[in-house]
Amino acid sequence: MALFDRIDNFLEGLVDRFRRDNEDIRREARETEVAYELANAGDTVDVGETLKAVSVDFQPKFNAANHHCEKFELVEVNKPSLVIRRGGSFSLIATFNKEPDLKKKHLCKLFFSFGPKPNPTKGTQAVLQVSGKKMFDKSYEQWDVRVVSQEGAKVTLEVQVPTDALVGLWRSAVQVKHRDTETGHLLRLDTDIYILFNAWNKHDTVYMEEEDKRQEYVLNDIGKVWVGTYPSAYGRHWVFGQFDDVVLPACILMMERSGLIDEARGDPIRVSRALSKIVNSNDDNGVVIGKWNGEYDAGTSPSAWTGSIKILEEYIHKGRSVRYGQCWVFAGVLNTVCRALGLPSRVVTNLNSAHDTNVSFTIDEYFNKEGDELTYTYGGTNPSGLDDSIWNFHVWNDVWMSRPDLPPGYGGWQAVDATPQEKSEGIFQCGPASHEALRLGQTSYNYDVAFVLAEVNADIVRWKEDESAVDGFKKLYSNKTQSRNARHAFRFPSEAIEDVEFSLEDVERVPLGDDFSVTLKAVNVSEAVRTVTVVLTASSMYYTGAKAQDIARAEGKFALKVKESKTLSLPVTYKQYYHKLVEHAMIKLVAHCTVDETSYAWVDDDRFEVLKPAIKVEVLSGGVVGMAMLTRFSFTNPLPISLTNSSLVIDGPSITKPKTIPIRRVLLYRAHEVLLCSCSDVRPKEEMVYELKLYPKKPADCTLVATFSSTELLNLSGSTNVSIAPAGN
């Protein structure tokens with residue numbers, strides 16, 4: 001069954017899913033809605049010559065174009081939806097069974113209802129009397145209707161939507177009757193009406209003044225998410241795909257499951273906060289299940305996703321949370337949903353991001369007497385409750401809105417984080433935290449300013465076991481500037497004398513398959529001989545900073561003469577590290593040094609990502625709507641081993657829906673003799689090449705994105721820009 005066929009009657013499907021949880025409430029809600037409409041409509045009768053509304057044409061394409069909504073696929077399907085932005089107006093054509101006289105004989109009412117219990121006093125229902133007037137006479141904060149024209153039995157109306165209208169799915173009905181009777185005819189309409197936030201309207205709380213920013217933060221359906229380690233982070237494309245026909249229905253399901261009351265769904269503060277909790281699955285059957293331990297056999301590896309569409313499609317079709325995601329997946333999905341609902345939003349990456357579990361504004365790292373870092377027990381199901389740590393990168397979102405709940409000047413960009421790290425008000429949610437509040441350190445302002453501030457502005461403090469210390473640990477020193485402004489008032493006293501200088505050489509780029517070294521330099525700047533104990537380690541790590549496996553270790557003691565310098569190196573070969581790499585292929589190097597004569601203790605670390613090949617994406621023929629476009633995807637296996645269980649995922653708005661393609665070697669036979677047989681999908685050092693014909697759907701300048709995963713090699717990606725010409729060119 002086609003996607004839209006499955007979601008065509010989405011509200012009914014939504015009710016069915018909710019009925020499993022609370023069938024009685026949903027039945028009562030529907031009865032309440034019917035009772036209210038009948039009370040307003042009078043007794044419904046079916047008399048031969050009684051005036052009836054036969055149909056209503058909401059002119060989806062025409063109205064969408066006037067609301068910057070023409071890219072939504074729901075306005076172009078066989079049974080189109082009306083997608084508009086609040087604070088504007090839309091037209092409709094009502095057809096009756098005979099010519100109505102709206103000025104003298106007949107009364108016509110339009111009903112617009114939101115949620116299971118529509119009520120005009122709560123803003124969840126609008127009842128509009130069609131009086132025959134030609135001009136709007138109500139303020140922009142109110143619903144209104146005017147007659148544009150009438151041609152016999154067809155009446156063209158224009159409806160004004162208030163700037164604070166609730167955002168989401170609305171239902172409608174039209175009722176007509178004779179002015180002298182209590183009886184009438186009520187026609188319930190089955191067209192889905194989606195009303196969105198409006199960044200183009202200056203009275204909307206999400207208004208953005210600059211058109212180029214609206215184009216980027218509301219309408220751009222693809223972008224880059226920056227991942228990796230500082231200073232070698234890189235951007236990988238993510239298909240937001242907010243205009244796909246699955247996204248708006250998914251948004252409605254998410255809002256229903258979030259528990260946000262209907263009356264609050266026009267408030268970007270409460271909507272964005274609710275979305276931050278429903279994108280993760282920890283509390284309320286949200287969209288994505290987080291997992292950080294590298295074991296993804298029960299689902300999809302986070303690095304294999306190319307964008308949000310396939311995730312939301314699975315969420316709609318299966319009605320349950322999707323496996324698996326990590327911070328950039330949560331941020332990508334949240335960005336899709338925000339832009340679909342009209343909230344200006346962007347994806348933000350914070351390199352060397354602090355995870356402060358106790359809001360102390362310090363990240364405390366501990367080492368034992370031997371120089372090994374003391375780590376937490378890491379289950380991998382979600383990062384909440386971990387000890388303080390520095391994530392190599394962390395991704396969240398900024399959402400644009402005014403903040404009437406805060407003093408003037410605190411509107412604009414607000415940090416919102418859907419990754420389940422720490423609970424806020426007892427739930428895994430975070431934000432919106434005002435950028436201005438973060439800049440000024442106003443940690444008492446809503447919401448979660450203290451936690452976000454610690455992510456970008458916390459000190460790193462390192463400690464080593466020492467039985468003579470008051471608390472059992474003494475402070476370690478480092479060359480790198482770890483203190484930040486938020487901790488300028490705190491000092492940690494020590495009696496250690498710093499007369500030996502240490503430096504750990506940074507490793508910037510190591511292609512997969514190459515060797516590398518951990519290199520330490522020590523210089524004695526004192527006037528006496530110094531005895532130094534050194535521990536050098538290399539370990540693989542998750543991007544959250546959690547240690548995965550030890551790779552190599554060396555330790556020793558040596559004497560440094562006056563003014564003498566020495567360089568020590570720990571070589572690490574490809575064979576030592578390859579099988580211990582985890583997703584993102586990140587490695588942490590640590591040097592731990594102590595000086596016997598002065599008790600001076602020093603530690604430093606370096607983090608880097610082993611570089612993997614990029615997928616080369618090529619378009620071999622011109623792109624024209626509806627015509628075959630030949631594409632090629634290729635890369636060279638850098639490993640001396642074969643790749644198995646391989647798959648290629650491709651995605652591109654206006655070109656194709658997300659496709660997962662298994663990569664398998666072809667077996668050739670001749671007279672029952674196997675000419676080519678291999679259990680591998682891609683052989684050692686072999687080039688993987690896959691060609692595919694795609695059939696573009698719309699004229700556009702767009703991006704084609706690909707990812708590749710196998711048991712032995714994960715997290716390969718690539719992309720290329722594509723121009724699609726209209727058919728007939």
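Start by selecting Arg-146 and Phe-136: the charged end of Arg-146 sits over the ring of Phe-136, 5.7 Å from its centre. Keep in mind as you click around that this is a predicted model.

For another stop of this kind, pick Arg-346 together with Trp-413. Here the charged end of Arg-346 sits over the Trp-413 ring, and the distance to the ring centre is 4.0 Å.

Now on to rings that meet rings. How many aromatic pairs does the structure hold? There are 22 of them. To describe such a pair, you give the distance of the centres and the angle of the planes.

Select Phe-90 and Phe-112 next. These two make an edge-to-face pair, with 6.0 Å from centre to centre and 90° between the planes. Turn on the cartoon and you'll find Phe-90 in strand E3 (residues 89-96) and Phe-112 in strand E4 (residues 106-114). They are 22 residues apart, so the pair counts as a link between distant parts of the chain. Buried or exposed, these two? Both Phe-90 and Phe-112 are buried.

Stay here and add Phe-58, Phe-114, Trp-143 and Trp-170 to your selection: together with Phe-90 and Phe-112, they form a cluster linked by ring pairs.

Last stop: Trp-328 and Tyr-543. This pair is edge-to-face too, at 5.7 Å centre to centre with 70° between the planes. Look for Trp-328 in helix H8 (residues 327-341), and for Tyr-543 in the loop between strand E25 (530-541) and strand E26 (547-560). The two residues are 215 apart and link distant parts of the chain. Trp-328 is buried, and Tyr-543 is buried as well.

Technical notes. Residues are numbered from 1 along each chain as its sequence is written. This is a predicted model: local features need pLDDT of at least 70, side-chain atom pairs count only at pLDDT 80 or more; totals for chains, interfaces and linings use all residues. Side-chain values use heavy atoms; hydrogens and water are left out. Rings of Phe, Tyr and Trp (its six-membered ring) pair if their centres lie within 6.5 Å; planes under 30 degrees apart count as stacked, over 60 as edge-to-face and the rest as tilted. Helices (H or I, at least four residues) and strands (E, at least two) are DSSP runs, numbered from the N terminus. Buried means under 20% relative accessible area, exposed over 50%, partly exposed in between (1.4 Å probe, protein chains only). A charge sits over a ring if NZ of Lys or CZ of Arg is within 6 Å of the ring centre and within 35 degrees of the ring normal.
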